[in-house]
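Open the model in your viewer and keep the sequence panel visible. The tour below moves from the whole chain to one residue, then to a pocket.

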Amino acid sequence: MQSKITGQFSTRREAELAVERLVQEFGVERSAVSVQPRGAANSAGTRLAGADVESGHPGLEKHGEAELNDVIEVAIDCSHADAAKVEAAMTGAGARAIATH
């Protein structure tokens, strides 16, 4: 049985949705989840979404641009989680690649 599943996401929003679904719907402990850019540089993914897009609210100024350097990786320690459910949650949230370790 694999001990870790890693999903790659194009946006920070997709990664956050995957984490919330795993924690809230499937009972995965938050301490078993890590979220980070794949590379060494800070990244919000490869395309803008969610809070990384300008809000469009009048009077609110946008400060800076989101870093789009690489995909966001969500890794789950599956020693106490159902691997099939973890993979389904990641796929449903938009994972573009999933690896088991």
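Each stop says what to select and what is there.

**Stop 1: the whole chain**

Bear in mind that this is a predicted model. Show the chain as a cartoon. Two helices and four strands make up its secondary structure. Trace the chain along the sequence and the order reads β-α-β-β-α-β. Now switch on the surface. The chain exposes about 6100 Å², and carbon and sulfur atoms supply 47% of that area. Of the 101 residues, 36% are buried. Turn to the contacts between residues at least 6 apart in sequence: 81% of them join residues at least 24 apart.

**Stop 2: strand β3**

Select residues 72–77, which form strand β3. How many of its six residues are buried? Five are, so strand β3 is largely enclosed by the rest of the structure.

Add residues 4–9, strand β1. Strands β1 and β3 run antiparallel, with six bridges between them. To find the register, pick F9: I72 in β3 stands opposite F9.

Next add residues 33–37, strand β2. Strand β2 also pairs with β3, antiparallel, through five bridges. Here the residue to pick is V33, whose bridge partner in β3 is I76.

**Stop 3: G7**

Stay on strand β1 and select G7, which lies in that strand. Is G7 buried or exposed? Its relative accessibility is 0%, so G7 counts as buried.

Show what surrounds G7. Leaving out residues up to four places away in sequence, G7 touches I72, E73, V74, M90, A97 and I98. Draw a distance from the C-alpha atom of G7 to that of I72: the separation is 8.2 Å. Along the chain, these two residues are 65 residues apart.

**Stop 4: the largest pocket**

Clear the selection. Rolling a probe the size of a water molecule over the atoms shows where empty space is left. In this model, the largest pocket holds about 150 Å³ of space.

Which residues line the largest pocket? Select F26, G27, V28, E29 and A32, then add D77, S79, H80, A81, D82, K85 and V86. Colour the lining by residue class. It divides into five nonpolar, three polar and four charged residues.

Finish with D77 highlighted. D77 is part of the pocket lining, and residues 72–77 are strand β3, where Stop 2 began.

Definitions and conventions
Residues numbered from 1 in each chain as written. Predicted model: local features only at pLDDT ≥ 70, side-chain atom pairs only at ≥ 80, totals over all residues. Heavy atoms only, no water. 1 Å grid on protein atoms, 1.4 Å probe; cavity = no way out; pocket = protein on both sides within 12 Å on 5 of 7 lines; lining within 4 Å. Points joined across faces, edges and corners; volume = space filled by probe spheres on them. Nonpolar A, V, L, I, M, F, W, Y, C, P; charged D, E, K, R; others polar. Buried < 20%, exposed > 50% of the residue type's maximum accessible area, 1.4 Å probe, protein only. Contact = heavy atoms within 4.5 Å. Areas by Shrake-Rupley, 256 points an atom, 1.4 Å probe, with all protein chains shown as cover. Pairing = 2+ DSSP bridges.
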